[in-house]
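Me: Could you take one part of this predicted model and look at it closely, beginning with a charged contact and its surroundings? I would then like the account to move outward to the rest of the chain.

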Amino acid sequence: MAKDYKETATRYADDVISGKTIAGADVINACQRFKNDLQRTDIELRMRDPNLAIGIIERTLVHKQGETLSGEPLMGKPLIFQPFQIFIIVNLLGWYYKGGNVRRFKEAFIMLGRKNGKTSTVAALAWAVGIIQRRSGSVIYMVANALKQTLQAFNFLKFSLEYRHLDSQFDIKDNSFEHSIKYQFRKPDGTEWWDGIKFPLIER
């Protein structure tokens, strides 16, 4: 059973609002909005997609580089999201207008200081959303001000697949013409969707 991250997101919001976790005005406002939204009747928080996204990320992606604050190497260790990252994903993927299947948020502006994992966070989120939206034939494009930055995201995902020995299941192109990762979720006859047959890290 997938873990429910609602409590983590709510606790993060409470800690920011109370001052236990130091944050700027924009983050404080976002946390207060989250708490207020929980009381609204026109929207609802559905945790299936946030839980699934975080589960996919933490079960498939690993650090490509870095160290902990105590100096322990992170390379090859599972990418475990911090509370603020969980808060972001819960907000982006969890809120729906009541009575339908339309997500409340379609865009996000995520601003972090240098060396706080912006690239890996966004790449991981794109990875998870692409898998969750697979039934719609999802295609994810990553763009940046420089090719080098985009390749950091691509290489992070590629490294994780290779480290997990999942690369043989994917069509990975990494050359001067194309940098892409593809996966076919349909059976060869095109009649049914793959649901954990070749890619067992998906939970329904």
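Reply: Arg103 counts as buried in this predicted model, because its relative accessibility is 15%, under the 20% cut-off. Its partner is Asp49, and in the salt bridge between Asp49 and Arg103 the closest N and O atoms are 2.6 Å apart. Asp49 lies in helix 3 (residues 48–60), whereas Arg103 belongs to the loop between strand 2 (95–97) and helix 5, so the contact ties together parts that are 54 residues apart in sequence. Asp49 is likewise on the buried side of the cut-off, since its relative accessibility is 8%.

Asp49 also has a second partner, Arg48, and here the closest N and O atoms of the salt bridge are 2.8 Å apart. Unlike the buried Arg103, Arg48 counts as partly exposed, because its relative accessibility of 47% falls between the limits of 20% and 50%. One carboxylate, that of Asp49, therefore takes part in a salt bridge with Arg48 and in another with Arg103.

These contacts belong to a wider set, for a search of the whole structure finds 11 salt bridges. Another of them joins Glu178 to Lys182, with 3.7 Å between the closest N and O atoms. Both ends of this bridge are partly exposed, Glu178 with a relative accessible area of 28% and Lys182 with one of 43%. Elsewhere, salt bridges that share partners link Asp37, Arg40, Asp42 and Arg104 into one network.

What else ties together parts that are apart in sequence? Aromatic pairs offer examples, and a search of the whole structure finds 6 of them. In one, the rings of Phe34 and Phe87 meet edge-to-face, with 5.4 Å from centre to centre and 70° between the planes. Phe34 is part of helix 2 (residues 25–37) and Phe87 part of helix 4 (residues 83–94), so this pair ties together parts that are 53 residues apart in sequence. Phe34 is buried, with a relative accessible area of 0%, and Phe87 is buried as well, with a value of 7%.

In a further pair, formed by Trp127 and Phe170, the ring centres are 5.7 Å apart and the planes stand at 40°, so the arrangement is classed as tilted. Trp127 sits in helix 5 (residues 118–132) and Phe170 in the loop between helix 6 and strand 3 (171–174), so parts that are 43 residues apart in sequence are tied together. With relative accessible areas of 9% for Trp127 and 11% for Phe170, both residues count as buried. Phe34 and Phe87 reappear in an aromatic cluster, where they are joined by Tyr12 and Trp95.

On the surface, Arg114, Lys115, Lys118 and Lys148 gather in a patch of positive charge. Lys148, one of its members, is found in helix 6 (residues 147–163). Its relative accessibility is 64%, over the 50% limit, so Lys148 counts as exposed.

Two loop positions complete this local view. Lys77 lies in the loop between helix 3 and helix 4 and counts as partly exposed, with a relative accessibility of 42%. Although Lys77 and His63 are 14 residues apart in sequence, their C-alpha atoms are 5.6 Å apart in space. His165 is found in the loop between helix 6 and strand 3, where its phi is near 60°, a positive value in a residue other than glycine. His165 is also exposed, with a relative accessible area of 66%.

Taken as a whole, the protein chain contains 6 helices and 4 strands, which follow one another along the sequence in the pattern α-α-β-α-α-β-α-α-β-β. Of its 204 residues, 37% count as buried; Arg103 and Asp49, with which this account began, are among the buried residues.

Notes
Residues numbered from 1 in each chain as written. Predicted model: local features only at pLDDT ≥ 70, side-chain atom pairs only at ≥ 80, totals over all residues. Heavy atoms only, no water. Patch = residues over 30% accessible without salt bridge, like charges linked within 9 Å, V, L, I, M, F, W, Y side chains within 5 Å. Areas by Shrake-Rupley, 256 points an atom, 1.4 Å probe, with all protein chains shown as cover. Salt bridge = Lys/Arg side-chain N within 4 Å of Asp/Glu carboxyl O. Lys, Arg positive; Asp, Glu negative; His and termini not counted. Charge placed at Lys NZ, Arg CZ, Asp CG, Glu CD. Helix = DSSP H or I, 4+ residues; strand = E, 2+ residues; numbered from the N terminus. Buried < 20%, exposed > 50% of the residue type's maximum accessible area, 1.4 Å probe, protein only. Phe/Tyr/Trp six-rings, centres within 6.5 Å; stacked < 30°, edge-to-face > 60°.
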